[in-house]
Amino acid sequence: MQGALMLVTFLPFVFLAVALIVDKERSLAAAAISSAVSMAILIYITVFSSINATESFSYISIIPISFTLRLSPASFMLLIMSYIVLIAASIAGNHERQSQKLAASLILLLQVAASGLFLSGNLFLYFIFWDVGVVSSFFFLYSLGSPQRGPAAMKFLIYEMFASVFLLLGIITIYFGTPVHSFNIAYIAAHAASIPVASQITVFVLLAVAFLTNMGIFPLHFWLPDAYTEASTQGSMVLSAILSKFGAFGIFLLFAILPAGAELAKYIALLGGISAFYAAFLMMSHKDIKRVMSYTSIMEMGIILIGLSSLNVIGTYGAIYAMLAHGLTIALMFLAAGSMVHVFGTRDIRTLAGMVSNAKAAAYSFLLSTFAATGLPLTTGFIADLLIFIGAYSAFGILGVVPLLAIVLFGAYMYFAIEKSVLSTKKESVAVARTSNGQAFGYALLVGSILLFGMFPFLLLGLVKI
Amino acid sequence: MYSISIGYVIIALIALIPIGATAGLFAKRKKAWFYTSATLLVTIALLSLFLLAYQASFTLLQIFRFYPFSELMTAVFAFLLIAIDALSYEYSADFISFSLFFGLSITGMLLVVMANSLITLLIGLELMGVPTVFMILAHGRRHIEAAIKLFVLSALAISLLAFAIALVSVYNPTLSISAALEASPLASTGVLLPLAIVLFAAALLTEAAAFPFNLWVPDVYEGAPGHVTAMLAGINKKVAFVALIEVFFSMILYFGYAFQPIFVLLSVATMFFGNLVALVQTNVKRMMAYSSISQAGYILVGISASTAAGLSSSIFYMIAHAVMIIGAFTVIIWLDGKNIRTVNEYSGVWSKNPLAAFSLTVFMLSMIGVPPLIGFIGKFLLFSSAVGANLLYLAFLGIINSVISVYYYARVILSMYAGRRYERKVRMADIVSVVVITMLVVTFAFGIFPGPLMHATSLAGNSVISAWPAPGAP
């Protein structure tokens, strides 16, 4: 099936042409179909070929760089999550019906970036798709966000470019470190042991700075709350669900590639823990619903980081599963919040009272996403947190489990806030919201996936041979 | 050999350009001369590419030297000069008299590229510089300041160069371009040769606008008419770099790493100066002048690496930057003609002309180094060569500069898509949009499929190194 992964990666360009030709009402549908088709092809490859499919084409012969794509259980899970979120975002996310063609094109570009990045078997390609993702997210944020988006977009671009140049330098350094200079991830992983430890550490630090910035880990997170808050609903969904996974997936690769990373794992875990608590505390001082959710994202990313740096199979795959869970959850949260903000015209949590009486779908989806984020059983969050903390306990002992307290804090605050606002029936809401078919589909898709992968984790985890 | 006859044909065609322009002065057929000159340039470019394909290497009449480096640069400059020619056709007040100076300037440029002796180099640089002054002056009195500044600076550079050549002639009267190198065994015997080297560096870096010889750049770029600015930034400066590489690279290799710290320092200082000053500019043309100073610093990164890979990447980035800056200036001067000059005035350009906004965005993203654009490949190769030459810190400072530059490029980009909305779209003149689209296509094409250009630049780089095998090289 040579060429199938290539097709998955570049298929969106075909739909991009379609989206630009058809009238603007249908352009977002083209984006959704593109994700659905890619997902179907990917599942077909997994079922009928192999979860470890690899493809290689010659690209630049003089260096040499080949166009290598490889599928793995981790990339499969992340891709499934990305496609579900992209479908939901394109169909349900655009409440305002603004600039639909532009939104569709950017979603399709992000699909290219996500597919290429998660599938890339070559660090050079990884970097290219990384930057394609960053630039299209930047335009997503900048051209479709709230009226105060300007400074947030600038901050986003500068931080992300900072990350991407570190990434570039790290990739170049690792290239010259390998015995036969190569960008191929499999080759580097096989020969990394022969790289001197000092230069491994240099590479690790350079790349970690890039990845942690992208994930929004303390103290490199300052762009994140602004960007997520000021983006449009669709923008927040794809930024938080997909773009932040670029960095998380990078950390996963980094630990897989560099053996010397094990020495630094505890520091990375520490950063994750600090980040989780920092976000959980800071969240409480905010009243802006989207800003609160961006801190949720920072917290979740911290937890994921702890799972990745536990360096055992359970913790690592817990973290990958948490990335899937976080992607679906945060997308649902931003979708519900976006619709509330659209109805009420404000982002202040206190004014959302009475939501449940008029916009049931949004209110209950929001509630479910909060449950999932706090790790309630039967949701994906439970499986993820369980695996992560088992992994963290075996790696760091009792200290590894402390960050659970951050989740508890977050849960306490969120349940309290939701009870006072969204679920409160004391005040009859004046705003009237009609849930359109598209939105209903979006909620159903995300809620369904959260429950499906929460109840039947073996669907995806069965792919991993532990 | 066919290739030698082709060499003669190329030289004859180059000579035809100023001769034809002189004839055009009497015929006064604007359009006819434009097409003729464009055809001449295309032919020159294609013939040079043909020679490059066969990696022909020979000297002609003792003063011209054809080898992959000169063939590649001749082809690139000839193609880019067509763009400048098209812009001048659109914008210059008196195209016919402009083309006379332009034709002389073209001859000078290509002479420098093909130079085999220091005298050819000197004449070429002079022939390139002086008519440029008149090209600026031809557009009226308000450009006089820029013209005088450029004149004084190029006169200074030329006289420094002449003095340096005179000093070298003491050691080696043949004045072939490798004279400095051939003289170097005598270097320890006196101060004259080191002095000559310093003077060479000063002269060529002034033309190339590297720190600290760059103070003339912003005023001249801002004051000169747009299409001349595009030529100054896109081509004249690159010609100076070609001369720098021709004169210095063999010396760098010969003296081992004695030169490296100097070039590293120059490169870092140039990048930081250009980028930091560009941060506070409000006039976009001036900002691009500082940006082009910083880009000269990136080109110096590859030269400092002092390896074949470094040289090839410098050549690649030179070509990439020439394409990007000519494209960017084409948009900027079009907007300049609509009285849109400062960053604030750029607001809403998207609604005025989507092509202008989109292409300027692409050129600026390319200068930042975003894939899959030509600038990314260039920076990737440059920083790779620096890391490969154990200059990790230089690569690090380079990427820090890339981050700094994001701010000022992004300010322009952000401004174009926000704010004011124009009611009416304004079309570009056809010829201008052809130039913009061509540069856009090149930026994307060599960004996505860099293979052919990388192959050509590495041929060119290796040919420079093998041209003058350093005696007792390190």
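Q: What makes the meeting of the Asp226(A) and Lys155(A) side chains a salt bridge?
A: In this predicted model, the gap from N to O in that pair is 2.7 Å. The cut-off is 4 Å between a Lys or Arg side-chain nitrogen and an Asp or Glu carboxyl oxygen, so the pair of Asp226(A) and Lys155(A) passes the test.

Q: How do you know that this pair links distant parts of the chain?
A: Look at where the two partners sit: Asp226(A) is in helix H9 (residues 224-230) of chain A, while Lys155(A) belongs to helix H6 of chain A. They are 71 residues apart. If you search the whole structure, you get 11 salt bridges over all chains.

Q: What makes chain A and chain B count as being in contact?
A: The test is heavy atoms within 4.5 Å. On that basis 28 residues of chain A touch 38 residues of chain B, and the area buried between the two chains comes to about 2,700 Å². Three residues, Tyr142(A), Met154(A) and Leu169(A), supply 19% of what chain A buries against chain B, more than any other three residues.

Q: Which elements give two or more residues to the side of chain A that touches chain B?
A: They are strand E1 (54-60), helix H5 (123-144) and helix H6 (149-177) of chain A. H6(A) brings the largest share, with 13 residues.

Q: How do you know what kinds of atoms and residues make up this interface?
A: Start with the atoms: carbon and sulfur give 90% of the buried area. Then sort the chain A side by class, and you get 24 nonpolar, 3 polar and 1 charged residues. Between chain A and chain B the rule finds 0 salt bridges, but it does find 2 residue pairs in polar contact, both at pLDDT 80 or more.

Q: What makes Val130(B) and its partners a nonpolar patch on the surface?
A: To join a patch, a residue needs over 30% relative accessible area and no salt bridge, and nonpolar side chains are joined within 5 Å. The patch found here is Val130(B), Phe134(B), Leu137(B), Ile144(B), Ile148(B), Phe151(B) and Val152(B), with about 570 Å² of accessible area together. Helix H5 (118-137) and helix H6 (144-171) of chain B each give two or more of its residues. The largest share, 4 residues, is from H6(B), whereas Val130(B) is in helix H5 of chain B.

Q: Why is a cis peptide bond worth pointing out?
A: Because most peptide bonds are trans. Chain B has a cis bond joining Phe211(B) and Pro212(B), where omega is about 0°. Pro212(B) is in the loop between helix H8 (192-208) and helix H9 (217-223) of chain B. Going from Pro371(B) to Pro372(B), the bond is cis too, with omega near -5°; Pro372(B) sits in the loop between helix H15 (354-368) and helix H16 (374-388) of chain B.

Q: What makes the phi of Ser306(B) stand out?
A: Most residues other than glycine have a negative phi. Ser306(B) isn't glycine, yet its phi is positive, near 55°. You'll find Ser306(B) in the loop between helix H12 (284-305) and helix H13 (308-337) of chain B.

Definitions and conventions:
Residues are numbered from 1 along each chain as its sequence is written. Chains are lettered from A and ligands numbered from 1 in the order in which they are written. This is a predicted model: local features need pLDDT of at least 70, side-chain atom pairs count only at pLDDT 80 or more; totals for chains, interfaces and linings use all residues. Side-chain values use heavy atoms; hydrogens and water are left out. Buried area is the accessible area (1.4 Å probe) that two parts lose on being put together, summed over both. A polar contact is a pair of N or O atoms within 3.5 Å; within protein, one must be able to donate a hydrogen and the other to accept it, and residues adjacent in sequence count only if both atoms are side-chain atoms. Ala, Val, Leu, Ile, Met, Phe, Trp, Tyr, Cys and Pro count as nonpolar, Asp, Glu, Lys and Arg as charged, and the others, Gly among them, as polar. Patches are made of residues with over 30% relative accessible area and no salt bridge: like charges are joined within 9 Å, nonpolar side chains (Val, Leu, Ile, Met, Phe, Trp, Tyr) within 5 Å. Accessible areas come from the Shrake-Rupley method with a 1.4 Å probe; for residues, only the protein chains shown count as cover.
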